[in-house]
Amino acid sequence: MEREFHKREYLGHPTHHLVRELDIQLDEEDIYSGTALKMMSRAPYDGCAFPMVFRIVFVVYLGDNIRAKPSVAAANISALVKRIKQAAPRAQAFQLNPNTCKAIDHSTSDLFDDLATQLFRLVGQIELCPFSGHSDLRELQLQGVYKLVRIKHTTGHSIGTFTRLARQSASTLESLDIFILETNGAICIIQDSDGTCAIYPRLTTLCLDGDSDDSDILPPGSKDVVPFPSLRRLMSRFKYPLGDDTFLRGNSATLEYLSMPLTRSTVAMLQKHSIFTPQSHPRLRHVNIECHYDLVPDSFATNTKALQFILGIGTKAPTRLTNLPVTGAELIGVIPSLNNLTSVQVLSLNWTTLDLWQAIALLKTLPLLSDLRTLPPVIGPLPADVALDDLPAHVVSTFAPMGTKFRLWHLFDPDDRNTMDDSLSCVLLLALVCPNFFRITANFIGYNQSLEMIEEAITSDMFKPYASRLQHIQLHGRSY
């Protein structure tokens, strides 16, 4: 009686329609033996339906000894998948997380492949995210899974399976996020072993992860093919994997977001194929350079010519430039010559320390800049005959007003050791001449500490005459 009451209470709960994601965790043996199905057929789970669930996360704990007979296991898999579909009839995205430290070998691959195939057939968007990097899923075949719109693959294993899935779904695929470790992995997205090229007419997002390097291998037969004509977002996290322009070919009219590392070989390739010209990429607005030059062996030293090329990627007035690995002096020296950068609104210089005068020059050059991210800044050299306490009056009389769009300065310190005193004074000096500036964030100080620091800085002798002007400035530290 108590159990029946609990069942009615659960099924009638008014929050079922608010659930957007289901997280299901089951042992592999329980799935194949039918134990999982029996559990989902009893209270409080029997009859449960979540009409608004869009995404299902399915965690499978893989075992070593599967005792269920293959025919029984196959029947239980089909019944369980049917029950999941009944519970979430509108689900369109499936994330399968095999939890194991062992390879899925021939003794278990057929059953797991059957499970994965049936689950993936239910939806148009799939993710495979093993908990362990040691999970070897290369035995998966996933035959009959096609017409997908999104694929996310987070392990370097079983790349052949997922590049084949991508090619099979090329006509419908809209997003592909794939982790590549194997040589030729990137090429396999574009063509099969026979050299037949795949065209992805609807693909708008392509994310390439891993450190596969096919830069010395040109895809045979794909020289004139445009595989991604509708691409809007291209992200290559470690290294652009090909030696030609295949991923950038034919989508200059649609590309809006570009994130990629630049090395000598990549720059040479881009220049050879004239990828970026003053007339190209009219919609490109966010350029993210994922590279620290001093850490990449195949990189060129940061210099004016290299920086000119990097900034010149934003050929049609980008609004966001992120992760530019340059010094303040280099940046200030180059930007004035690039008139198209005057529309930049967000600038990320994660490895750059600016002084006050470089920051002022930056805001003069980028009048629309509203959001800046750098290492903690410094005041820098004082002007002749100007004492430190007189610096606020000098800055106001010389530069105010300026930077009318500037609102946020994010300070990033990877070593978490900055004292913040000089940096905070530098930011407040800039805030005196930027009428709409209101927030500083710093990842290396705590929340309570930030409240004390901003109060002490504003009421210090240096800034006390301007306390009323600065009282609205917020300093946000980390919340943990």
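This is a short talk on the packing, salt bridges and a few individual residues of one chain.

Okay, so one thing up front: what you're looking at is a predicted model. Let me start with the overall picture. We have 480 residues, and 52% of them count as buried. The secondary structure comes to 15 helices and 16 strands. If you take contacts between residues at least 6 apart in sequence, 79% of those join residues at least 24 apart. And for the surface, the accessible area of the chain is about 21,900 Å², with 52% of that belonging to carbon and sulfur atoms.

Let's go inside, to helix α6. That's residues 159-168, and seven of its ten residues are buried, so the helix is largely enclosed by the rest of the structure. If you want to click on them, the buried ones are Ile159, Thr161, Phe162, Thr163, Arg164, Leu165 and Ala166. And what do the buried residues of α6 pack against? Three strands and a helix, as it turns out: β4 at 125-128, β5 at 150-153, β6 at 175-179, and then α7 at 185-190.

Hang on to β4, please, as we need that strand for the salt bridges. There are nine salt bridges in the structure. One of them is between the side chains of Glu127 and Arg55, at 3.2 Å from N to O. Glu127 is in strand β4 and Arg55 is in β2, residues 55-61, so this pair ties together parts that are 72 residues apart in sequence. Is Glu127 buried or exposed? Its relative accessibility is 5%, and the cut-off for buried is under 20%, so Glu127 counts as buried. The pair also has company: Glu21, Arg55, Glu127 and Arg150 are linked in a network of salt bridges.

Now for a salt bridge elsewhere, between the side chains of Arg232 and Glu256, with 4.0 Å from N to O. Here we're in loops: Arg232 sits between β7 (205-209) and β8 (233-236), while Glu256 sits between β8 and β9 (257-260), so the bridge ties together parts 24 residues apart in sequence. Both ends are partly exposed, Arg232 with a relative accessible area of 37% and Glu256 with 26%.

While you're looking there, go to Arg233 and Tyr257. The charged end of Arg233 sits over the ring of Tyr257, 4.2 Å from the ring centre.

One more salt bridge, and then I'll move on. The side chains of Asp461 and Lys464 meet at 3.9 Å, N to O. Asp461 is exposed, with a relative accessible area of 62%.

On to aromatics. The structure holds seven aromatic pairs. There's also a cluster to look at, formed by Tyr200, Phe228, Tyr240 and Phe247.

Next, helix α11, residues 356-365. Its buried residues are Leu356, Gln358, Ala359, Ile360, Leu362 and Leu363. Those residues are covered by elements including helices α10 (328-334), α12 (391-399) and α13 (421-431), as well as strands β12 (346-349), β13 (371-374) and β14 (408-411). At the N-terminal end of α11 there's a cap from Asp355, which has a side-chain oxygen 3.0 Å from the backbone nitrogen of Trp357.

Let me finish with three single residues. Thr322 is in strand β11, residues 320-322, and is buried, at 10% relative accessible area. Which side chains does Thr322 reach through polar contacts? His286 is one, at 3.2 Å, and Asn288 is another, at 2.5 Å. Leaving aside neighbours within four places in sequence, Thr322 is in contact with His286, Val287, Asn288, Ile289 and Ser348.

Then there's Glu28, in helix α2, residues 28-33. This glutamate is buried, with just 2% relative accessible area. Its side chain has a polar contact of 2.9 Å with the side chain of Tyr32. Glu28 and Leu111 are 83 residues apart in sequence, with 9.4 Å between their C-alpha atoms.

Last one: Gln86, in helix α4, residues 70-87. Gln86 is partly exposed, with a relative accessible area of 45%. From Gln86 to Gly47 there are 39 residues in sequence and 8.5 Å in space, C-alpha to C-alpha.

That's my tour, thanks.

Note on methods: Residues numbered from 1 in each chain as written. Predicted model: local features only at pLDDT ≥ 70, side-chain atom pairs only at ≥ 80, totals over all residues. Heavy atoms only, no water. Buried < 20%, exposed > 50% of the residue type's maximum accessible area, 1.4 Å probe, protein only. Helix = DSSP H or I, 4+ residues; strand = E, 2+ residues; numbered from the N terminus. Contact = heavy atoms within 4.5 Å. Phe/Tyr/Trp six-rings, centres within 6.5 Å; stacked < 30°, edge-to-face > 60°. Lys NZ or Arg CZ within 6 Å of the ring centre and 35° of its normal. Polar contact = N/O pair within 3.5 Å; in protein donor to acceptor, adjacent residues only side chain to side chain. Areas by Shrake-Rupley, 256 points an atom, 1.4 Å probe, with all protein chains shown as cover.
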